[in-house]
Each structure stands twice: as C-alpha cells, then as structure tokens.
Amino acid sequence: MRGTVTAFSPFDARADAEALRKAMKGMGTDEETVLKILTSRNNAQRQEIAAAFKTLFGRDLVDDLKSELTGKFETLMVSLMRPTYIFDAHALKHAIKGAGTNEKVLTEILASRTPAEVRNIKQVYLKEYEANLEDKITGETSGYFQRLLVVLLQANRDPDGRIDEGLVEQDAQVLFRAGELKWGTDEEKFITILGTRSVSHLRRVFDKYMTISGFQIEETIDRETSGDLEKLLLAVVKCIRSVPAYFAETLYYSMKGAGTDDDTLIRVMVSRSEIDLLDIRKELRKNFAKSLHQMIQKDTSGDYRKALLLLCGGDDD
C-alpha cells in the first residue's frame, strides 16, 4: 500500500480513548489532540478506539465528535471514524437521497473502486441500509449513464491475465466503428468493452485505438458522448490508465480557482489516505506542477487545514 496513514505503533486504544474524552470533556474542546490522534491512527485502530471509548465511558465517540466539533473540521473527523466500506456506502447513499442525484459521487466511486471493493460496498449497503444499492441507483438514474453504472455494479470485470492481441485489435476496431466511423454513436459497445474487460487488456486497447484512429480514446469519448455518460466513461478510462492520476486530477480541480469543493476534498483524502495517497501526490506534482500540501495550505484554514495536512503527510517540493 502507498498510503500516508499506516498503523500507529505503539498503539494503545484505551489511552487514546482517554485522551479523546479529556479533550472533549467540560468547557471548550482541545481540537489539536483530537486531530492529532485521529489522523495518525489507521481505520482499524480508530474502530478500536471507538470501542474502547464506549467501554470506558458508555458514550459514543462519533456522537461526541459531532456535538463538540463544527463545520468542515467536524465532517472530516467524523468521516475518518467511518469503517472503509461504510464510508463509501454512506457517500453513495447521500448521493442518491432526496431531491436531485449527485452524479459526480456515483461516477467517482464506481469508476475507481476495484471489483472486490464494489462487492464489499454492495454488501455493506445492504446490511447498513437494508436496501439494494443497484435498485437505489437505477431508481435515480437513467439512460446509458444508468446502464454503465449497472455494469460497474456487477463488479465482473475480467481479471488481469494473459493478453490476447487478437481481441485487443478486435475491441479497438469495434470502438473505432462505434464512435468515429459511425454517424451517431453506438454507446452500448463503449459500455460493454470499457465496463467488462480487464485493466491490462484495456490499456493495450487504448494504445491500439490510437494507432488505428489517430485519436486518444478520451478525445473520441469527448466528441461522441455528452453529459453524465461522458463524464463516467472518461472517469473509467482515466482509472484504467491510472487510479492515482485520476484522483490527483480530482483533487486538483476540487481546489483550483475560486472556492473549494470541500466534499470532494474530504472524500478523496479520507478514502485514499491508506491506499495510494503517496502516488496521488506524485501524480499531482507531475501532471499539474503543484504540490498537494501547498494547495491544501492555500485553500483551507484552521483545524480543518491542520488535519488535512497531517493526512497529506508531507510536501513534494
């Protein structure tokens, strides 16, 4: 794993629980202690701290965090306390509940998670919310966008194996005929090939496609599709090429320009902190000539900034 957050050692769940209780008890809260502990323990350890907190004080740690903290800092700390798959399931639930669907969240999570992760998310969703995630998503989406989401939710992408050059050539030709060579676009072909073939196979298909058509597959998707389907197809292609590069771009645009998309910033920092945040930092530096650390420094403030910088785990200059 290439995360910035790893198991803390020596770890003592009871001592951490006691320190957190002390930090939140009485008048005023010692935010510094809260953020230092929660950003330096991994998710499994945070769950142990929550269990120890309940055992020692008969109180729910997350409830205490919610009542003692406010704003974006509260959102970040509470997000850190969610077990990994519950974190994704919760984000998806909120993306499809109430008026209007947050297609951006559906796209980001379902395009970037591995088939095993998607299967886990579906199980957790069923257990936590007593609802079928696929039914919920199909109820709130439509058209080809919905169909690609459903394909991704099946989590049946071919496993990486020996590459069949004949099939690579065939898929590249099919995509070329379905897009550039056709009046109108055969979206179904894009959905099936991009949603089910293995990662290593698709990387070869993208190279072959470039040779046949003279275009990057992204350029074709850009020209031939639009709206939510276009964004989802592009996210899938980017994640096939490189998940860290996809998240580097996501983080970059969450902070670029006026205003910050804090929901996205928190979601990516929390969900990737134990997986590949070091690689994401490297890709951001390489592709945007910016350091994640400096972007966070410039775009956020207060305890929220301090906690994000600790999760970021250092500068790349």
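In this predicted model, helix 7 (residues 103–112) and helix 10 (residues 143–154) have axes that come within 10 Å and cross at roughly 35°. Two packed helices are described by the angle between their axes and the distance between the axes. The crossing of helix 7 with helix 10 is left-handed. On the helix 7 side the contact involves E103, L106, T107, L110 and A111, and on the helix 10 side F145, L149, L152 and L153. Sorted by type, the residues of this contact comprise 7 nonpolar, 1 polar and 1 charged.

The pair belongs to a chain whose secondary structure consists of 20 helices and 0 strands. The radius of gyration of the chain is 21 Å, close to the 20 Å that the globule rule gives for 317 residues, so the chain is as compact as a globular protein of that length. Its C-alpha trace spans about 70 × 45 × 40 Å along the principal axes. Of the 317 residues, 48% count as buried. If contacts are restricted to residues at least 6 apart in sequence, 71% of them join residues at least 24 apart.

Charged side chains supply another set of links, with 22 salt bridges in the structure. In one of them, K306 meets E32 at 3.0 Å, N to O. K306 lies in helix 20 (residues 302–312) and E32 in helix 2 (residues 31–40), so this salt bridge ties together parts that are 274 residues apart in sequence. Both ends are partly exposed: K306 has a relative accessible area of 37%, and E32 has one of 30%.

K306 also forms a salt bridge with D303, at 3.7 Å, N to O. This second pair is local, since K306 and D303 both lie in helix 20, 3 residues apart, about one turn of the helix. D303 counts as partly exposed, at 22% relative accessibility. The two salt bridges of K306 belong to a wider arrangement: E32, K36, D303 and K306 are linked in a network of salt bridges.

Elsewhere, the side chains of E169 and K208 meet in a salt bridge at 3.4 Å, N to O. E169 is in helix 11 (residues 165–178) and K208 is in helix 13 (residues 199–213), so the pair ties together parts that are 39 residues apart in sequence. E169 is partly exposed, with a relative accessible area of 30%, and K208 is also partly exposed, at 23% relative accessibility.

The backbone has some local features to note outside the helices. The peptide bond from S9 to P10 is cis, with omega near -5°. P10 is found in the segment before helix 1 (13–24).

Positive phi values occur at two residues that are not glycine, E130 and A289. For E130, phi is near 50°. E130 sits in the loop between helix 8 (115–129) and helix 9 (133–140) and counts as exposed at 72% relative accessibility. For A289, phi is about 50°. A289 sits in the loop between helix 18 (277–288) and helix 19 (292–299), and its relative accessibility of 59% makes it exposed.

Methods:
Residues are numbered from 1 along each chain as its sequence is written. This is a predicted model: local features need pLDDT of at least 70, side-chain atom pairs count only at pLDDT 80 or more; totals for chains, interfaces and linings use all residues. Side-chain values use heavy atoms; hydrogens and water are left out. Axes are lines fitted to C-alpha atoms, for helices over the stretch in contact, and angles run from 0 to 180 degrees between N-to-C directions. Helices (H or I, at least four residues) and strands (E, at least two) are DSSP runs, numbered from the N terminus. A crossing is left-handed if the near helix is turned anticlockwise from the far one by less than a right angle, and right-handed if clockwise. Contact means heavy atoms within 4.5 Å. Ala, Val, Leu, Ile, Met, Phe, Trp, Tyr, Cys and Pro count as nonpolar, Asp, Glu, Lys and Arg as charged, and the others, Gly among them, as polar. A salt bridge is a side-chain nitrogen of Lys or Arg within 4 Å of a carboxyl oxygen of Asp or Glu. Buried means under 20% relative accessible area, exposed over 50%, partly exposed in between (1.4 Å probe, protein chains only). The radius of gyration is taken over C-alpha atoms; the globule rule is 2.2 Å times the number of residues to the power 0.38.
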